[in-house]
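Visitor: I've got the sequence and the model open side by side. Please pick one spot, take a close look at it with me, and then work outward from there.

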Amino acid sequence: TKNYNYNMFIALDFDGTVVEHRYPAIGKERPFAVATIKRLIEEGHYFILWTCREGRLLEEAVDWCKERGINFYAINKGYEEEKNTDSHFSRKPKVDMFIDDRNVGGLPDWGVIYQLVSRGITYEQFLIEEGDIEPPKKKPWWKF
């Protein structure tokens, strides 16, 4: 496994990812979410809060995170200085990874997420290492 020595830009969903789904209320913290995010930020990774929340509901989520020591690189933008041209979100941000409970296959636990980010590996690589799946068989490029 290759250990990457660069800082990732990570888009992070809030409801169902950092906290349990209780929208528009804020649910309970998902186990180890805050501690993992804080540790990854301390290790130099940049988090963009990427959520459907806006207005007062967005402020509540940002305040909830700040109260727990999580400060974001940007919020619903690719970078802090980005200007939105309308009242809706900007285009999809250019990031290294999205952490979202709506991923295909769902959200891994935060211990696994830490391994993926800190080691710079994919979820598939992690599952192969754990013996949960077999590595893909290499096929000649001309066969489908």
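Guide: Let's start at T36, which has a relative accessibility of 10% and so counts as buried, the cut-off being under 20%. Keep in mind that we're looking at a predicted model. T36 sits in helix 1. Ignore the neighbours within four places in sequence, and T36 is in contact with W110 and Y114.

T36 has company. A33, V34, I37 and L40 are also among the buried residues of helix 1. Look down the axis and these buried residues cover an arc of only 165°, so they sit on the same side of helix 1. Now turn the helix around: on the face pointing away from the buried side you'll find A35 and E42, both exposed.

What lies over that buried side? The cover includes strand 1 (9-12), strand 2, helix 2 and helix 3 (110-119).

Now for the two ends of the neighbourhood. Ahead of helix 1, in the loop that comes after strand 1, is F32. F32 has a positive phi, near 70°, and isn't a glycine. With a relative accessible area of 61%, F32 is exposed, because the bar for that word is over 50%. That loop between strand 1 and helix 1 also holds P24, and the peptide bond from Y23 to P24 is cis, with omega near 10°. On the other side, helix 1 is followed by G44, where phi is positive too, near 105°.

Carry on and you reach strand 2 (residues 46-49), which is where Y46 sits. Y46 has a relative accessible area of 32%, so "partly exposed" is the right label. Y46 joins Y73 and Y79 in a nonpolar surface patch, and together the three have about 280 Å² of accessible area.

Helix 2 is worth a stop, since it's part of the cover over helix 1. Its 13 residues (55-67) should span 18 Å at 1.5 Å a residue, and the end C-alpha atoms are indeed 18 Å apart, so the two agree. The buried residues here are L57, L58, A61, V62, W64 and C65. They fall within an arc of 155° seen down the axis, so they line one face of helix 2. The face turned away from them carries R56, E59, K66 and E67, which are exposed. Those buried residues pack against helix 1, strand 2 and strand 3 (74-75). After helix 2 comes G69, with a positive phi near 85°.

Past strand 3, in the loop leading to strand 4 (97-99), there's N76. Phi of N76 is positive, near 55°, again in a residue other than glycine. At 5% relative accessibility, N76 counts as buried.

Finally, step back to the whole chain. The protein has four helices and four strands, and they run β-α-β-α-β-β-α-α along the sequence. Of its 144 residues, 40% count as buried. If you take the contacts between residues at least 6 apart in sequence, 66% of them join residues at least 24 apart. The accessible surface comes to about 9600 Å², with 51% of it belonging to carbon and sulfur atoms.

Technical notes: Residues numbered from 1 in each chain as written. Predicted model: local features only at pLDDT ≥ 70, side-chain atom pairs only at ≥ 80, totals over all residues. Heavy atoms only, no water. Helix = DSSP H or I, 4+ residues; strand = E, 2+ residues; numbered from the N terminus. Buried < 20%, exposed > 50% of the residue type's maximum accessible area, 1.4 Å probe, protein only. Contact = heavy atoms within 4.5 Å. Areas by Shrake-Rupley, 256 points an atom, 1.4 Å probe, with all protein chains shown as cover. Patch = residues over 30% accessible without salt bridge, like charges linked within 9 Å, V, L, I, M, F, W, Y side chains within 5 Å. Salt bridge = Lys/Arg side-chain N within 4 Å of Asp/Glu carboxyl O. Expected span 1.5 Å × (residues − 1). Arc of directions from axis to C-beta.
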